[in-house]
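Here are a few exercises to work through with the coordinates open in your favourite viewer. Try each task yourself before reading its solution.

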Amino acid sequence: MTKPDRLSTASAIAQASGYSAVAHPNVKPLSRPEHDRMANAIRALAMDAVERAKSGHPGLPMGAADIATVLFTRFLKFDPADPAWPDRDRFVLSAGHGSMLLYALLYLLGYERMAIEEIKRFRQLGSITPGHPEHGHTPGVETTTGPLGQGLANAVGMAITERHLAAIFGADLVDHATFVLASDGDLMEGVSQEAIALAGHLQLNKLTVLYDDNGISIDGATSLADSVDQVKRFESAGWAATRIDGHDPEAIARAIEAARHSNRPSLIACRTTIGFGAPTKGGTEKSHGSPLGPEEIAAARQRLGWTAPAFEIPADIRAQWRTAGGRNRPARLAWEQRLAALDPLSRAQFLRRLRGEIDERLVPAVTNVKQTLAQAPKDIATRAASELALDALTAALPEMIGGSADLTGSNNTRAKGMKVLKAADYSGTFIHYGVREHGMAAVMNGMALHGGVIPYSGTFLVFSDYCRPAIRLAALMGLRVIFVMTHDSIGLGEDGPTHQPIEHLAALRAIPKLKVFRPCDAVETVECWQLALQSQNAPSVLALTRQSVPQLRSGFDARNRCASGAYELIAAEGGAAQVSLFASGSELSTAVEARKLLTARKVPARVVSVPCFELFFALPEAERNAVVGAAKINVAVEAGIRQGWDAIIGSAGSFVGMSNFGASAPHKDLYQHFGLTAEKVAEAALNKL
Ligand SMILES: Cc1ncc(C[n+]2csc(CCOP(=O)(O)OP(=O)(O)O)c2C)c(N)n1
């Protein structure tokens, strides 16, 4: 489907309107021809890089070039000399497939590492220009985008964090905006609704979504599958929303200027032509995700009046882009002076938080809780133990921002004295995310990316499936986000099989880098919290019980025994162990009971607690072997599926667990019914003797 009307409307507006810039400090108004040439530099680089790579998405960069040019040359606050400047505005390209837009901008603006060679190596191994933008890989890229919708939700997390830190440290240090470029696909994804609703509710007025409203996706016109009025949709969620011609620089500037002064988050739906400038493929899905081809590129160059050879930017245009890139340097230097003038304590605290360094108060806080538990053991649910831990940890670490997807009382994630973060008071540290697990997880990624806070949240473990795309991205980006996931097995009881996790532990353990903790009692819960907080470059899940469990760790041990992922909890009695019993979480006590039965039968057995596979598998082989031990028989028990356990118990080991969905009943009946009992565990061992 072609959209010649849009193409010609845009060019007509372009020719007719003298470009009168909106007044803005630091910015010299551009003439319309100057603007066009700067935008065309983006278009040319996108066409050339995709062509050379023989893959990629030229349509979005070409269509959104005018929006990006206005935003980056006149509004966005950043300094290529310091891509990590904490008070920079954040720009999120939520439509990550349009990565060449971002790479072209970084090159043109003078980000040192984005040399033209990197543009030429678009999508090649070892380049900093991968197919979709990757945070931590390319300076200037704020977040990893590609799975549509995630970037928009990340941006909401960034905007929340900005408001929160401004409330804590003041506007002299924290005063920046967050901009998102989102596509049709971003807005079709469900996660966008969760994020938009939360942003509207929290009145995040420094958040602006620039919607690349080109009416085209991969299958063709979006009208094939969508008839949402996005402006009304955003308005109903509490946003200011407007529709403009996305090829009219003046209209773009006016809309951004209005957004800057809005008391609500802003949507600017920018009507654009995908592949703007490409004579036959522009306006159609043909320009979305494949090289345009030499002929179309030559014709597009002619149409755009672009005469420079591939990958070459005329010196005057380059100079204009570089001037735009350097224009915020005075603002950055002034910010650095304000930081230097701050009292030393506040400055140290601010910088420590931004570096993500855990305060030294963490370890004493953990030790304190462990000492209390040693003196007065507690047979409580691990979710309740987590609350105990959080009371101590959040008091010690003000950077912890908690929350729950409408299960606060069930997840026990709101610690004593935590104020709620809300539109009227952003200084709070607890977020009611509403029933929005996916949005919550993606928002937390944005918070961690922003820096200065450690986000954690709560939901039921079974709903980890609803968070999974964002958890995966947290792992891919190496972010410290912490997911408290309670009701971690059939042990939750009467809510039944819809709420009982079965395959979830295995599925989460399958995500590279993610640490899945399943502590067995109150002491392990505190230790796992410590490890999750110290895991600066990886996310963690804490799988916690609804039901009470006995405290198996008695006495005080200063070591964090969970740090090795698995350890011998109880040695064999009456000779060398013939049986090793392995378990995690609530099934540890089952293993301990089974050991008693075996010992009574004169079968020496040991019990190994396995709170975290990932940490265990990271141990050197000799240490792993020592923990696994040399008993003839290995038995593992976990109220989940077997998958993954063979790496510990071997394929000859026995597994007592679940192989099908659970049922609705009191939890003790379910453990009996599904055979998750000490008798069955002992029997599994005896059968092999
Ligand atoms: C979650 C997710 N689903 C599917 C895709 C594959 N995909 C990439 S772009 C796209 C849609 C393209 O349409 P639009 O968002 O309007 O981008 P444009 O065509 O304007 O570049 C799809 C389905 C994806 N990247 N993420």
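The exercises below concern a predicted model, and each comes with a worked solution.

**Exercise 1. The open sheet**

Task: work out in what order the six strands of the open sheet lie, and find which strands stand at its edges.

Solution:
- Start with the order, which reads β9-β8-β10-β11-β13-β12, with parallel pairing.
- Now look at the ends: β9 (430-432) and β12 (515-517) each have a single partner strand, so one side of each is left without a neighbour in the sheet.
- Going from one strand to the next, the twist averages 20°.
- For a look inside the sheet, take β11 (residues 482-486) and β13 (residues 540-544), which run parallel and are joined by five bridges. Met485 has Ala543 in β13 as its bridge partner.

**Exercise 2. Two helices**

Task: for helix α12 (residues 315-326), find which residues are buried and how they are placed around the axis. Then turn to α6 and find how many of its residues are buried.

Solution:
- Begin with the span of α12: its 12 residues reach 16 Å from first C-alpha to last, close to the 16 Å expected at 1.5 Å a residue.
- Under the cut-off of 20% relative accessible area, the buried residues of α12 are Ile317, Gln320, Trp321, Ala324 and Gly325.
- Seen down the axis, these fall within an arc of 145°, so they line one face of α12.
- Their packing partners are α2 (32-53), α3 (59-75) and α4 (99-109). On the face turned away from the buried side sit the exposed residues Ala315 and Thr323.
- In helix α6 (residues 150-169), 18 of the 20 residues are buried, so α6 is largely enclosed by the rest of the structure.
- Just after α6 comes Gly170, with a positive phi of about 95°.

**Exercise 3. An aromatic cluster**

Task: describe the ring geometry of Trp645 with Phe613 and with Phe655.

Solution:
- The rings of Phe613 and Trp645 are 4.8 Å apart centre to centre with 90° between the planes, an edge-to-face pair.
- Phe613 belongs to helix α23 (residues 613-617) and Trp645 to the loop between β17 (633-637) and α25 (646-649), so this pair ties together parts 32 residues apart in sequence.
- Trp645 and Phe655 form a tilted pair, at 6.4 Å centre to centre and 35° between the planes. Phe655 lies in strand β18 (residues 654-656), 10 residues from Trp645.
- Check burial next: Phe613 and Trp645 are both buried, and Phe655 is buried too.
- Finally, assemble the cluster: Phe613, Phe616, Phe617, Trp645 and Phe655.

How values were computed. Residues are numbered from 1 along each chain as its sequence is written. This is a predicted model: local features need pLDDT of at least 70, side-chain atom pairs count only at pLDDT 80 or more; totals for chains, interfaces and linings use all residues. Side-chain values use heavy atoms; hydrogens and water are left out. Two strands pair if DSSP finds at least two bridges between them. Helices (H or I, at least four residues) and strands (E, at least two) are DSSP runs, numbered from the N terminus. Axes are lines fitted to C-alpha atoms, for helices over the stretch in contact, and angles run from 0 to 180 degrees between N-to-C directions. The expected span of a helix is 1.5 Å times one less than its number of residues. Buried means under 20% relative accessible area, exposed over 50%, partly exposed in between (1.4 Å probe, protein chains only). The arc is that of the directions from the helix axis to the C-beta atoms. Contact means heavy atoms within 4.5 Å. Rings of Phe, Tyr and Trp (its six-membered ring) pair if their centres lie within 6.5 Å; planes under 30 degrees apart count as stacked, over 60 as edge-to-face and the rest as tilted.
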